[in-house]
Amino acid sequence: MKPSIVILTGAGISAESGVKTFRDAGGLWEGHRVEEVATPEAFGRDAETVHRFYNQRRQQLLTVAPNAAHTALAKLERDYQGGVTLVTQNVDDLHERAGSKKILHMHGEILRKKCTWCDAKSDCRQDLDKTDRCDSCAREGGLRPDIVWFGEIPYHLEEIDQVLGDAQIFIGIGTSGHVYPAAGFVERARSNGTWCIEINKDQTALSTRFDDQRLGPASVEVPNLVTELLR
Ligand code: OAD
């Protein structure tokens with residue numbers, strides 16, 4: 001068996017598909033800091049603005065397609081003779097559309113909704129509105145994107161910690177390293193002697209913590225790395 005791999009992707013892998021990253025271009029949306037619309041408090045205070053932000057992102061997602069980086073990771077999962085776990089901070093479905101099967105969406109998914117009253121979850125391709133009713137409990141006003149907001153606990157943390165503990169190679173792709181706990185994964189991997197590779201178009205806050213740094217667009221660097229790993 002080949003060394004087991006854990007991959008962490010961030011907004012940078014979807015940038016060349018046309019999905020906006022969070023922190024490039026100042027991280028502002030209609031004058032709001034992203035952190036201001038992505039919190040339970042913001043939803044409680046001004047659900048309309050929060051829905052507008054996510055409705056725009058959901059509609060835009062339906063117009064874009066996976067790029068060569070997503071496709072290369074799907075090929076890696078299919079053809080690699082060892083364990084591959086894909087952890088993503090992205091709420092888009094571009095990894096799925098490229099053919100990846102095992103994906104841990106630690107920040108949730110924009111094409112899913114959940115009810116704040118009864119916690120029922122279901123697919124969601126339509127705009128959400130503060131007057132919508134939940135299909136399960138029929139209460140109004142509680143439907144929100146199934147996305148982990150600032151101050152909430154990310155999904156799948158136990159499983160991620162376990163795979164990081166077993167990994168021999170950790171690869172961080174297109175993530176700025178500003179948001180924890182994901183920003184701490186490289187340190188967790190290093191503590192086991194795991195070989196850490198970073199792919200990013202720029203230096204990041206965490207670049208010095210990686211053993212191997214590949215500077216360039218994900219659509220080029222990810223397929224190159226996958227070719228090496230499949231040799
Ligand atoms: P950021 O927007 O913070 O960082 C995107 C990173 O991708 C930056 O380091 C860019 O240099 C890099 N990048 C951009 N284009 C690239 C390309 N074509 N090829 C390679 N790298 C590229 O996004 P994340 O680190 O994913 O959380 O942000 C983490 C979390 O913060 C998000 O999941 C989101 C956000 O608030 C929630 O919504 C909970």
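Good morning. I begin with Ile-13, which, neighbours within four places in sequence aside, is in contact with Asn-67, Ala-69, His-70, Leu-73, Asn-90, His-95, Ile-173, Gly-174 and Ala-218. Please keep in mind throughout that this is a predicted model.

Ile-13 belongs to helix 1. Is this residue buried or exposed? Ile-13 has a relative accessible area of 0%, and because buried means under 20%, Ile-13 counts as buried. Its C-alpha atom is separated by 7.6 Å from that of Ser-219, although the two residues are 206 places apart along the chain.

One of the contacts of Ile-13 is Asn-67, and I turn to that residue now. Asn-67 sits in the loop between helix 4 (47-61) and helix 5. With 9% relative accessibility, Asn-67 is buried as well. Outside the residues up to four places away in sequence, Asn-67 touches Ile-13, Ser-14, Glu-16, Ser-17 and Ser-219.

Which polar partners does the side chain of Asn-67 have? A polar atom of this side chain lies 2.9 Å from the backbone oxygen of Ile-13. The side chain of Ser-17 is joined to that of Asn-67 by a polar contact of 3.1 Å. There is also an interaction at the start of helix 5, where a side-chain oxygen of Asn-67 comes within 2.7 Å of the backbone nitrogen of Ala-69. For a longer reference distance, the C-alpha atoms of Asn-67 and Ile-103 are 17 Å apart, with their positions 36 residues apart along the chain.

That brings us to helix 5 itself, residues 68-79. The helix has 12 residues, and at 1.5 Å a residue it should span 16 Å; the C-alpha atoms at its ends are 16 Å apart, which agrees. Which residues of helix 5 are buried? They are Ala-69, His-70, Ala-72, Leu-73, Ala-74 and Leu-76. As background, an α-helix has 3.6 residues a turn, so residues three or four places apart point the same way. The cover over the buried residues of helix 5 includes strand 1 (5-9), helix 1 (12-15), strand 4 (84-88), helix 6 (94-98), strand 9 (169-173) and helix 9 (218-230).

Next, the ligand. How many residues surround it? There are 23, and the closest are Phe-22, Arg-23, Thr-175, Ser-176 and Asn-200. By class, this shell comprises 8 nonpolar, 10 polar and 5 charged residues. Three polar approaches deserve mention. An oxygen atom of the ligand is 2.8 Å from an N or O atom in the side chain of His-107. A ligand oxygen also lies 3.1 Å from a polar backbone atom of Gln-89. On the nitrogen side, a ligand nitrogen is 2.9 Å from a backbone N or O atom of Ala-218. Taken alone, the ligand has 790 Å² of accessible area, and the protein covers 95% of that. Ala-218, I would add, is also among the contacts of Ile-13, with which I began.

Two charged residues come next. Arg-214 is located in strand 11 (residues 212-215). Its relative accessibility is 16%, and it therefore counts as buried. Apart from residues up to four places away in sequence, Arg-214 touches Ile-197, Glu-198, Ile-199, Asn-200, Glu-221, Leu-225 and Glu-228. Asn-200 is one of the residues closest to the ligand.

Lys-114 lies in strand 6 (residues 108-115). Its relative accessible area is 13%, so Lys-114 is buried. Its contacts, neighbours within four places in sequence excepted, are Asp-119, Ala-120, Lys-121, Gly-142, Leu-143, Arg-144, Pro-145, Asp-146 and Tyr-155.

I close with the backbone. Most residues other than glycine have a negative phi, and most peptide bonds are trans. Where does this model depart from that pattern? A cis peptide bond joins Tyr-180 and Pro-181, with omega at about 10 degrees. Pro-181 is placed in the loop between strand 9 and helix 8 (185-190).

Ala-138 has a positive phi, near 70 degrees, and lies in the loop between strand 7 (121-123) and strand 8 (143-147). With a relative accessible area of 43%, Ala-138 is partly exposed. His-156 also has a positive phi, near 65 degrees. His-156 is in the loop between strand 8 and helix 7 (157-166), and its relative accessibility of 36% makes it partly exposed.

Thank you for your attention.

Technical notes
Residues numbered from 1 in each chain as written. Predicted model: local features only at pLDDT ≥ 70, side-chain atom pairs only at ≥ 80, totals over all residues. Heavy atoms only, no water. Near = heavy atom within 4 Å. Polar contact = N/O pair within 3.5 Å; in protein donor to acceptor, adjacent residues only side chain to side chain. Areas by Shrake-Rupley, 256 points an atom, 1.4 Å probe, with all protein chains shown as cover. Nonpolar A, V, L, I, M, F, W, Y, C, P; charged D, E, K, R; others polar. Helix = DSSP H or I, 4+ residues; strand = E, 2+ residues; numbered from the N terminus. Buried < 20%, exposed > 50% of the residue type's maximum accessible area, 1.4 Å probe, protein only. Contact = heavy atoms within 4.5 Å. Expected span 1.5 Å × (residues − 1).
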